[in-house]
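Here is a friendly note to read alongside the structure. Keep the viewer open and look up each residue as you go through the numbered points.

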Amino acid sequence: MRTTLTDNGAVTSAISVSEAKAHLRVYHSEDDSYLSSLVLSATQVIEHETKHALITRGFVLGMDRFPEDEIVLPRSPLGAVSSITYTDTAGALQTLSSSVYVVYQVNAVARIMRKASQTWPNISTEGGMPISVTFSAGYGAVSANIPQSLRHAVLLQASHMYENRTSVNIGNIVNELPMTVQRLIVQYHSGDYS
């Protein structure tokens, strides 16, 4: 099955510049703009590594066909599934009735399962992504809702990027993610995402 994921909202930084400055012991404002971009980049790194949206926003999962039984949503934690739309065999856009499926989570991974008594509808085979699942994911509207370990991982990743401004570091062991960051986010890896 081919899928696409569209992020309908802008990623919001999980920590503030002032939090990053306090951690780094930076007492001037010359690097504020640079730190702001690092904090946003660090947030994106942690979201990519964990497949979790930190601040809640909307997504659209496009699919070229319905799976056998269930759809695994590629971002956690689930806020809500707004709609499932599809293009039928006549080329008309339809909204799938919520009576056809049930939404549930296992290990913080959201799934949409077809009810046993139901069948997925027939869809257009004209190519593209005839199925769209619109949903929201994230821990809430403010960074205070994000689990502390993820906030700290963003802080450490931003600090690492601030203190190591080149991609080559001669004479030191270099990891793609610092080991402490890896340890903080490992609990958010479910193994259900590809």
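1. Let's start with helix 1 and helix 2 in this predicted model. How do these two helices lie towards each other? Their axes cross at roughly 100° and come within 9 Å. An angle from 65 to 115 degrees counts as roughly perpendicular, and helix 1 and helix 2 are therefore roughly perpendicular to each other.

2. Now look at the residues in that contact. On the side of helix 1 you will find Val 17, Ala 20, Lys 21 and Leu 24, and they meet Asp 32, Leu 35, Ser 36 and Val 39 of helix 2. Sorted by character, the residues of this contact are 5 nonpolar, 1 polar and 2 charged.

3. Next, the interior. The largest nonpolar core has 25 residues, and Ile 46, Leu 54, Leu 150 and Val 154 are those with the most contacts inside it. At least two residues of this core come from each of helix 1 (17-24), helix 2 (32-50), helix 3 (148-163) and helix 4 (179-185). Which helix gives the largest share? That is helix 3, with 8 residues. As background, nonpolar side chains tend to be buried together in soluble globular proteins.

4. Leu 150 is a good residue to click on. Leaving out residues up to four places away in sequence, Leu 150 touches Ile 46, Thr 50, Leu 54, Tyr 139, Ile 185 and Tyr 188. There is also a second, separate core of 22 residues, with Val 81, Tyr 86, Tyr 101 and Ala 110 among them.

5. Arg 151 also belongs to helix 3. Is Arg 151 buried or exposed? Its relative accessibility is 12%, and buried means under 20%, so Arg 151 counts as buried. Beyond its neighbours within four places in sequence, Arg 151 is in contact with Ala 14, Ile 15, Glu 19, Ser 143 and Ile 146.

6. For contrast, try Gln 187, which lies in the segment after helix 4. The relative accessibility of Gln 187 is 55%, so this residue counts as exposed. Gln 187 and Gly 79 are separated by 108 residues in sequence, and their C-alpha atoms are 20 Å apart in space.

7. On to the sheets. Strands of a sheet pair through backbone hydrogen bonds, either parallel or antiparallel. One open sheet has 5 strands in the order 1-2-8-4-5, and the pairing is antiparallel. Strand 1 (3-7) and strand 5 (93-95) are at the edges with a single partner strand each, so one side of each has no neighbour in the sheet. On average, neighbouring strands here are turned by 25° against each other, direction ignored.

8. Within this sheet, follow one pair more carefully. Strand 4 (residues 78-87) and strand 8 (residues 131-137) run antiparallel and are joined by 7 bridges. To find your way along the pair, look for Leu 78, which stands opposite Ala 137 in strand 8.

9. Another open sheet has 3 strands in the order 3-7-6, again with antiparallel pairing. Its edge strands are strand 3 (70-72) and strand 6 (101-106), each of which pairs on one side only. The average turn between neighbouring strands of this sheet is 25°, direction ignored.

10. Strand 7 deserves some time. How many bridges link strand 6 to strand 7? Strand 6 and strand 7 (residues 109-114) pair in the antiparallel sense over 6 bridges. You can trace the pairing residue by residue: Tyr 101 has Arg 114 as its bridge partner, Val 102 stands opposite Met 113, and Gln 105 is partnered by Ala 110. The hairpin of these two strands has 2 residues between the strands, and Asn 107 there takes a positive phi near 50°.

11. Finally, look at strand 7 from the side of strand 3. Strand 3 and strand 7 pair over 3 bridges, also antiparallel, and Glu 70 has Met 113 of strand 7 as its bridge partner. Is strand 7 largely enclosed or open? Of its 6 residues, 5 are buried, so strand 7 is largely enclosed by the rest of the structure.

Note on methods
Residues are numbered from 1 along each chain as its sequence is written. This is a predicted model: local features need pLDDT of at least 70, side-chain atom pairs count only at pLDDT 80 or more; totals for chains, interfaces and linings use all residues. Side-chain values use heavy atoms; hydrogens and water are left out. Two strands pair if DSSP finds at least two bridges between them. Helices (H or I, at least four residues) and strands (E, at least two) are DSSP runs, numbered from the N terminus. Axes are lines fitted to C-alpha atoms, for helices over the stretch in contact, and angles run from 0 to 180 degrees between N-to-C directions. A nonpolar core is a set of buried Ala, Val, Leu, Ile, Met, Phe, Trp, Tyr and Cys residues joined through side-chain atoms within 4.5 Å. Buried means under 20% relative accessible area, exposed over 50%, partly exposed in between (1.4 Å probe, protein chains only). Contact means heavy atoms within 4.5 Å. Angles under 35 degrees count as roughly parallel, over 145 as roughly antiparallel, 65 to 115 as roughly perpendicular and the rest as oblique. Ala, Val, Leu, Ile, Met, Phe, Trp, Tyr, Cys and Pro count as nonpolar, Asp, Glu, Lys and Arg as charged, and the others, Gly among them, as polar.
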